[in-house]
Amino acid sequence: MSSSNRYLASINGLRLLFFFSPEAPVRFLDIGSHHFAGKGEDGRLLKWARLVELQAAGLDQNDHHGNKYTGTEPAGSLRYHSHRRGATPLGPKLEIRQKCAGLTVTSHLQFLGKLPAFRSWTVVSNREKMPVLIDYISTFSLLGFSRGNTRPWSNTLRLHLPANTWYGECQWRSGYLADFGLDRTYRQLGRADFTVGRLSISNQGTWSTCGHLPMGLLENEEMGITHFWQIEHNGSWQWEIGDLAGDIYLKLSGPTYHEGLWSKNLGAGEKFQTVPATFGRVAGGAQEALRVLTSARRRIRRPHPDMERLPVIFNDYMNCLGGNPTTAALLPLVDRAAKVGCEVFVIDAGWYARREESWWNTVGEWEPSASRFPNGLSEVIEAIRRHGMTPGLWLEIEVIGIACPLARELPDDWFFQRAGRRVIDHGRYQLDFRNPGVRTHADGVIKRLVREFGIGYVKMDYNINAGPGTDYAADAPGDGLLEHNRAYLHWVESVLSRHTGLVIENCASGGMRLDYSQLSVHSIQSISDQTDYRINGLIAAACASAACPEQAAIWSYPLRRGTEEETIFNMVNALLLRIHQSGRIQDISPRRLALVKQGIAVYKKIRAAIPRGLPFWPLGLPRIGDGWAAFGLDCGTDAYLAVWRLDGKNTQQAFLLPEAWSSVSCIYPESKPVPFQLAARGQFKVRMPKPFMARLFALHSRH
């Protein structure tokens, strides 16, 4: 180790410590403020602190590793070649290049403005004539999360992990690493050395967030710091936490062979780039980390005026028409939506299906149904426009139903395949966007709908999971999926570039593709399909942990025979995010309709502040089952706070706000106030006498 050269890069308050040596791969040990002593236990750490892990078929994975991605080869043969530090429009950038026989591996660390966070990705190039079959490559790798601690990592490092499922998005769980099954079970000479265990979180398939969000937080309670990360990919991905040399490592990646049936045959002169991930470190806990991550997300996405204007959207699906739109059903809704202040009207699923057929497995031709619209779809579209709203349509462009006539006419190479047979999931075929014919077809659909109907909004849904991928014209199913994922996003970007006023919503049965690969391109995300407004409130209260609030669309769907408090609760769910108004508002009472209209009016007064607001949760990150929830946005001189009482037994809740404010007011609904009090040092108390009540407050003039 004496021949190693230290390289310390101090950027945006982070100190990144690297070691360059002719005898070992580049090692990356620290993101923090502590200098590396270079002896004793840290010397053991340094042996394993590789900047990159890379495994190729036929090479030894030389570590007693279990399933861990440690000791990979040819990563162990890489040697430092060069590095450079420069500036880009996004911020400072660091590149470190390593080489071994035939391969060049470059690690990219792109900082984001002045934030203590950077995007990381890896590029591997094959300089040899012989191909190399890659099974795994890390996007990011770091060892040493408990350095400086006096107590064991098993009960000082707390992991915050977001579960994510249909009807139950953004549900955080927290615990020490020992609570997740990682503990110091192997000891040598009285000290912890390593285990073969790991905590591996992964996703396989075309739903990128079916199980967990591709992110996490690791809080060092003893040191008072939190590291955070998110993998930015719309397909398969994997990350793991494990122990080496008595400390904890984190490795982030896109698809892998073991978790995603991915491998890549890298031919002579070819290169491969991993999916990116954002990583950072803050002083403080989970909420401080999520606020920085919110700012980072705002820096990596494609600009769109939709994220500044935040128009109010009415969509006819949820607790309303439910995939059965007709002219007769839509025209009263169009009139009522305009009267309450909606600015976009989206006709959801079913507009293309004959009334006697299922809208589910007939998707694909995207022609309006004559039986649903006897005078043509234009009659409804013109009514929407006449009421001053932008017309929108639902699409599911990536699939073709097995009952659609096109499915029989198109060649097999348009679709995902396994062993020469089309992949079918729940009555649909998956289109392969690597195919130029598929992209031309999709371009034609968008162009025709924009030209013929003048639509300005597309709700782009995706309701199947086509599994690990396609083996047609691919090195492995995961390889075909990854290239399809990338081709699809490039297609979306091309559509937005050609149709500059168009808004494309990202939806996958709600939040089953709630990732910042999709959200770096799409301006708005459907968070959940949850139909129970009470559970939807808890999802709404948590969702700014997963998406910027100006991108997070939440349903507000007053029930046909609900109460005034139910209507208020529905509205509060959406007022600090993006409003997806729905429900049978043409059938509710005038008093409840007035509450909808008032809520939308309040939203229009405060929405300009939402794109700069940073989230906070005075009662902690909420999850389904909580009795109370609170979610706020700190917008600078003012802040806004939504408070929900669910089925909690206590009629009063008290909590400490993260800042001291001079005054507070209830801004929705003004007509039905509840008792509240702002005491010294930010102590806030509110009383709600009945279960399932909610209110929106404004906090004024920061002290």
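**Exercise 1. Helix packing**

How close do the axes of helix H12 and helix H13 come, and at what angle do they cross?

Solution. The model is predicted, so local features need pLDDT of at least 70 and side-chain atom pairs count only at pLDDT 80 or more, while totals for chains, interfaces and linings use all residues. Residues are numbered from 1 along each chain as its sequence is written, and side-chain values use heavy atoms, with hydrogens and water left out.

Step 1. Locate the elements. Helices (H or I, at least four residues) and strands (E, at least two) are DSSP runs, numbered from the N terminus. Helix H12 covers residues 564–574 and helix H13 residues 590–606.

Step 2. Compare the axes, which are lines fitted to C-alpha atoms, for helices over the stretch in contact, with angles from 0 to 180 degrees between N-to-C directions. The axes of H12 and H13 come within 9 Å and cross at roughly 20°.

Step 3. Classify the angle. Under 35 degrees counts as roughly parallel, over 145 as roughly antiparallel, 65 to 115 as roughly perpendicular and the rest as oblique. H12 is therefore roughly parallel to H13.

Step 4. Assign the hand. A crossing is left-handed if the near helix is turned anticlockwise from the far one by less than a right angle, and right-handed if clockwise. H12 and H13 cross in the right-handed sense.

Step 5. Repeat for helix H11 (residues 533–542). Its axis and that of H12 come within 9 Å and cross at roughly 25°, which makes H11 roughly parallel to H12. The crossing of H11 and H12 is left-handed.

**Exercise 2. The surroundings of strand S18**

Describe the burial and the partners of strand S18 (residues 225–231).

Solution. Step 1. Check burial: buried means under 20% relative accessible area, exposed over 50%, partly exposed in between (1.4 Å probe, protein chains only). Seven of the seven residues of S18 are buried, so the strand is largely enclosed by the rest of the structure.

Step 2. Sort the residues by direction. Ile225, His227, Trp229 and Ile231 point one way from S18, and Thr226, Phe228 and Gln230 point the other way.

Step 3. Find the partners, given that two strands pair if DSSP finds at least two bridges between them. Strand S17 (residues 215–220) is antiparallel to S18 over six bridges, with asparagine 220 opposite isoleucine 225. Strand S23 (residues 277–283) is antiparallel to S18 over seven bridges, and here isoleucine 231 faces alanine 277.

Step 4. Inspect the hairpin of S17 and S18. Four residues lie between the strands, and glycine 224 has a positive phi near 70°.

**Exercise 3. An open sheet**

In what order do the strands of the sheet containing S4, S9 and S21 lie, and which stand at the edges?

Solution. Step 1. The order of the three strands is S4-S9-S21, with antiparallel pairing, and the sheet is open.

Step 2. Strand S4 (54–56) and strand S21 (264–266) are at the edges; each has a single partner strand, so one side of each lacks a neighbour in the sheet. The twist from one strand to the next averages 40°.

Step 3. Strand S9 (residues 132–137) is joined to S21 by three bridges, and leucine 133 stands opposite asparagine 265.

**Exercise 4. An aromatic pair**

Characterise the ring pair of phenylalanine 28 and phenylalanine 140.

Solution. Step 1. Rings of Phe, Tyr and Trp (its six-membered ring) pair if their centres lie within 6.5 Å; planes under 30 degrees apart count as stacked, over 60 as edge-to-face and the rest as tilted. The structure holds 33 aromatic pairs.

Step 2. In the pair of phenylalanine 28 and phenylalanine 140, the centres are 6.1 Å apart and the planes stand at 85°, an edge-to-face arrangement. Phenylalanine 28 lies in strand S3 (residues 24–31) and phenylalanine 140 in strand S10 (residues 140–143), 112 residues apart.

Step 3. Phenylalanine 28 is buried at 1% relative accessible area, and phenylalanine 140 is buried at 3%. Both belong to a cluster linked by ring pairs, whose members include Tyr7, Phe18 and Phe279.

**Exercise 5. Backbone exceptions**

Where are the cis peptide bonds before proline 74 and proline 669 located?

Solution. Step 1. Most residues other than glycine have a negative phi, and most peptide bonds are trans.

Step 2. Glutamate 73 and proline 74 are joined by a cis bond with omega of about 25°; proline 74 is in the loop between S4 and strand S5 (79–88).

Step 3. The bond from tyrosine 668 to proline 669 is cis, with omega near -10°. Proline 669 is in the loop between strand S41 (661–668) and strand S42 (676–678).
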